[in-house]
Structure formats: structure tokens, C-alpha cells
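Please go through the fold of this chain, from its strand pairing to its domains. A short report follows the display.

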Amino acid sequence: MTSKTFDTIIIGGGISGLACAKRLQEHNEDFLLISKDIGGRILPSEDGTANYGAFFVCLDYYHTLKYVKLKNQIRLRDFCFHEGEDTYVLFEPALIKYSFQFLKALRLLYKFRKAFRKLRKVCENTSQKEAIENDSFLHDVYMKNAADFVKEYAIESGTDRYLSKGLYSTTFSKIDEMNAFSFLEFCLPLITPIYRFSFEKDKMIESFKDKIIIGSVSDIKHKDGKYKIKSGKDFFHSKNIVLATEINWSQRFAGVKKTNLPVDTNMLHIKGNPKSIIAKKEYQLFSYPSNVQAIATLKDETFLFYYKNKQPSLDRYFANPKIISHKHWKPAGTINGHTLIECNRGNNMFLIGDYNVAGLEESYITGIFAANQIVKLNQP
Ligand SMILES: Cc1cc2nc3c(=O)[nH]c(=O)nc-3n(C[C@H](O)[C@H](O)[C@H](O)COP(=O)(O)OP(=O)(O)OC[C@H]3O[C@@H](n4cnc5c(N)ncnc54)[C@H](O)[C@@H]3O)c2cc1C
């Protein structure tokens, strides 16, 4: 049994906890990071060739890009949309019918991207909740249901034919479950290039790897201005605490009563011969109520197959399918709703991660924010 004291303890080694640790290290702060694993929802396959969690990065993920190796670009022309028995691609003659709606969507996306990039800068020193609340456009879209937003801008049929399928495969949600902020965020790949990637974990943790303990925290107590953290048989003490775990675990310690709704998905890594229905394009996109959500072809001719509930028959899509791996992401994220949660919980406690806004870069920035606040707290 060990009992040690640190200035700050970070619980959770996903991108948000790692970003926080990295920033604290840059300021020579005293800290310990305790996590069940390193990477969290960035989960590579055993041989490192596939990503079982986060799949792509955008070219404007300024911080995250420093710690990933870019692989091939994901292009719109590589998408195949599925609607019942029907399959079609984006660049088809029928697209002309939707061109006016597309132009409207593009205008909205450029406006959103500008505000979103500004938000990223602001969020390094202002909590995400406060920063969104201070921006009337971003706050408005956060509070609006995506289905109502789509109706308001009269882009329903184009959304139904194309965007809903891209969104179901990236957010695992249907349009009427989402808020308009997430709708716009996850449509950004229409105007910002996206790439598959591999996470350079060693590069990320190089400067603070001796401050990491692999373990599972089971309890946190706060008494006399100090936190007491239980991990296995060991106890750790700290003045500051950063909760960088999934919100459904951390909310009880942070006194968070309401969160956005969790959404889950199943992922199968499959080896098999693709049947003609999926053979022509690299990415197969489906929409609600399809149980299958997306199929991605990897370089080694294996596939990632995402589905919602009961495992569907794979024979429709593959000859001789063999399952290499299965991962149930429960939850994959917690972004459907209109609840903004404050990161600074008082009593030197910070709650970071993707509970307000999903995605690697946004999670990374919540880690920077917490670290910056701790550095300020520790200044004499
Ligand atoms: C299938 C899937 C696909 C995705 N695709 C993309 C994508 O393409 N692009 C993108 O930008 N984002 C994507 N995301 C979202 C992105 O992965 C997340 O937003 C981001 O990784 C969240 O990081 P985090 O640090 O907040 O949480 P996490 O990565 O979940 O980290 C939480 C950490 O806490 C640890 N932990 C939990 N409980 C305890 C405990 N009791 N004690 C100690 N440690 C604990 C966990 O082991 C983990 O390391 C995807 C997510 C999923 C699931």
C-alpha cells in the first residue's frame, strides 16, 4: 500500500487528460496522472494498423495534429450512401436537384467554422460553457434541435439524402437527437479536409511518462482542502484534481446532476471478401433506422463495421467474414442535448473531456484550460 501527495492529480489518460498533463509539465508543475489506459477513446488495434475509436482528424486540429501521423485522406468521392436497398454516391446527376440547399449549407458551415475556430482559442483560458454562452450564434445553435434547424433553413431533403448518413456514421445519432451545434460540427468535413491517422502515444507522453500510473480509481474524497484518491490498495492525496474520465463516471464526484444523452455503438473489425454492395467505395454510410451505421475499408482489406443494436448478418456485405475484434463503445459520446457543463467545479476540481462538445481537438483544449487554471491557482 502506498500513500503519496501531489499538487495535482489527473484521473484519465485520454486525449484531454494527456493534454492537461502535457501543459502542466511545460510549467514544471507537480502532478500525477492515474489512468486505466493511455489513449482512452483513441484505441488502436493490437497491430496498430486500425483505429477502433476515433477514426479521423481534421486538418485544423491544431493541437492534436502534433501527436498523430496522418494516413490517407478521406474524400467525399469515396462515400457510398445506403437507403434501404438503394445505393448512390455524392457526385451524381441527382445532386443538381439539391445544389441550392448545398450552397445554403456551405454558407452556414463557413459561418460556423469561423466562430468555432475563434471558440477554440478562447477556450484555452475560458471554460467551454462560458465561452459558448458568450457567443450568441454558437449558443443559439447549441440550444436548437438539429431537425428544427434543418427545417428553418429549408435544407431537409438534401440533409435526408446525404448529410444524415454522414452524421449517423460519425455521431451514431439521428438528426432529431442532435443539437444544431453538433450537426454543424460534424458536417465540417464538407469544407475541411479530414485524414485517417495513427496516434503517436510515445511522443505525447515522452516528457511526463514517469508521472503516469496505470490503475483504476474507485473513490475520491475531499476533506480539509485535500483530495484523497483510492486506486487499488493505494491512496494518493492532492490539492487540485482533474477528472478526465468519461462523464458518466466522473459526474458523481463533480456534483453534476444532468448531462447530455449518451450514445453508443458497436464496432467489429472484420476480415472478408466484400460483396458488390460495398465493393465500389471505401466508406459506406447508412442512416436511421438502419441498424448498420457505417462500414470503412482499411488499407489491408479488412473492414470496420459499425452497428447500433443486435449484431446484423454480415453475409449481406461479405463472403466468408471473420471477426478479428469487437468493441462496444458505451458510451461513444455524450453530446445529444442542450446541457452545458462547467469545467471549473470549485474546490480546485476541474472536469474535462468531451461532455459538451465531441471530438479530439475540443477535448484536448479542455485539458489545456484546466492546466492553465491550475498554473494560475499555484502562482504565489
Ligand atoms: C467509435 C468512436 C469514433 C470516434 N471518432 C472520432 C473521430 O473520428 N474524430 C474525433 O475527433 N473524435 C472521434 N471520437 C470522439 C473522441 O474519441 C473523443 O471525443 C475523445 O477521445 C474524448 O477524449 P477524453 O479524454 O475526453 O475521454 P476518453 O478518451 O474516454 O478518456 C477517458 C480516460 O479515463 C480513463 N478512466 C475511466 N475511468 C477511470 C477510472 N475509474 N480510473 C482511472 N482511469 C479511468 C479511461 O481509461 C480513459 O483513458 C470518436 C469516439 C468513438 C467512441
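Which residue in β15 is the bridge partner of lysine 271? The partner is threonine 302. The model is a predicted one.

**The seven-stranded sheet**

The bridge between lysine 271 and threonine 302 belongs to a strand pair. β12 spans residues 261–274 and β15 spans residues 302–307. The two strands pair in the antiparallel sense, over six bridges. Both sit in an open sheet of seven strands. Its order is β6-β5-β13-β14-β15-β12-β16, and the pairing is mixed. The edges are β6 (86–89) and β16 (318–336), each of which pairs on one side only. On average, neighbouring strands in this sheet are turned by 20° against each other, direction ignored.

**The three-stranded sheet**

A further open sheet holds three strands in the order β3-β7-β4. Here the pairing is antiparallel. β3 (56–58) and β4 (68–74) are the edge strands, with a partner on one side only. Neighbouring strands are turned by 45° on average, again with direction ignored. β3 and β7 (residues 194–199) run antiparallel and are joined by three bridges. Cysteine 58 has isoleucine 194 of β7 as its bridge partner.

The two sheets are set out side by side below.

| Strand order | Pairing | Edge strands | Average turn between neighbours |
|---|---|---|---|
| β6-β5-β13-β14-β15-β12-β16 | mixed | β6 (86–89), β16 (318–336) | 20° |
| β3-β7-β4 | antiparallel | β3 (56–58), β4 (68–74) | 45° |

**A loop residue**

Where does proline 289 lie? Proline 289 is in the loop that links β13 (283–285) to β14 (292–297). Is proline 289 buried or exposed? Proline 289 counts as exposed because it has 8 C-beta neighbours inside 10 Å, and the cut-off for exposed is 12 or fewer. Leucine 109 is 180 residues away from proline 289 in sequence. In space, the C-alpha atoms of proline 289 and leucine 109 are 26 Å apart.

**The whole chain**

The chain contains eleven helices and 18 strands. Its radius of gyration is 21 Å, close to the 21 Å that the globule rule gives for 380 residues, so the chain is as compact as a globular protein of that length. Along the principal axes, the C-alpha atoms fill a box of roughly 65 × 50 × 35 Å. Of the 380 residues, 43% are buried. Among contacts with a separation of 6 or more, 72% join residues 24 or more positions apart.

**Two domains**

How is the chain divided? Domain 1 covers 3–47 + 198–258 + 337–378. Domain 2 covers 76–192 + 261–335. The domain centres, taken over C-alpha atoms, are separated by 29 Å. Between the domains, 23 residues of domain 1 are in contact with 22 residues of domain 2.

Which elements give two or more residues to the side of domain 1 that touches domain 2? They are α9 (247–254) and α11 (360–378). The largest share of this side, six residues, comes from α11. By residue class, this side of domain 1 has ten nonpolar, nine polar and four charged residues.

Key
Residues are numbered from 1 along each chain as its sequence is written. This is a predicted model: local features need pLDDT of at least 70, side-chain atom pairs count only at pLDDT 80 or more; totals for chains, interfaces and linings use all residues. Helices (H or I, at least four residues) and strands (E, at least two) are DSSP runs, numbered from the N terminus. A residue is buried if 20 or more other C-beta atoms lie within 10 Å of its own, exposed if 12 or fewer, and partly exposed in between; C-beta atoms are placed from the backbone. The radius of gyration is taken over C-alpha atoms; the globule rule is 2.2 Å times the number of residues to the power 0.38. Two residues are in contact if their C-beta atoms, placed from the backbone, lie within 7 Å. Domain bounds come from an automatic or database domain assignment. Ala, Val, Leu, Ile, Met, Phe, Trp, Tyr, Cys and Pro count as nonpolar, Asp, Glu, Lys and Arg as charged, and the others, Gly among them, as polar. Two strands pair if DSSP finds at least two bridges between them. Axes are lines fitted to C-alpha atoms, for helices over the stretch in contact, and angles run from 0 to 180 degrees between N-to-C directions.
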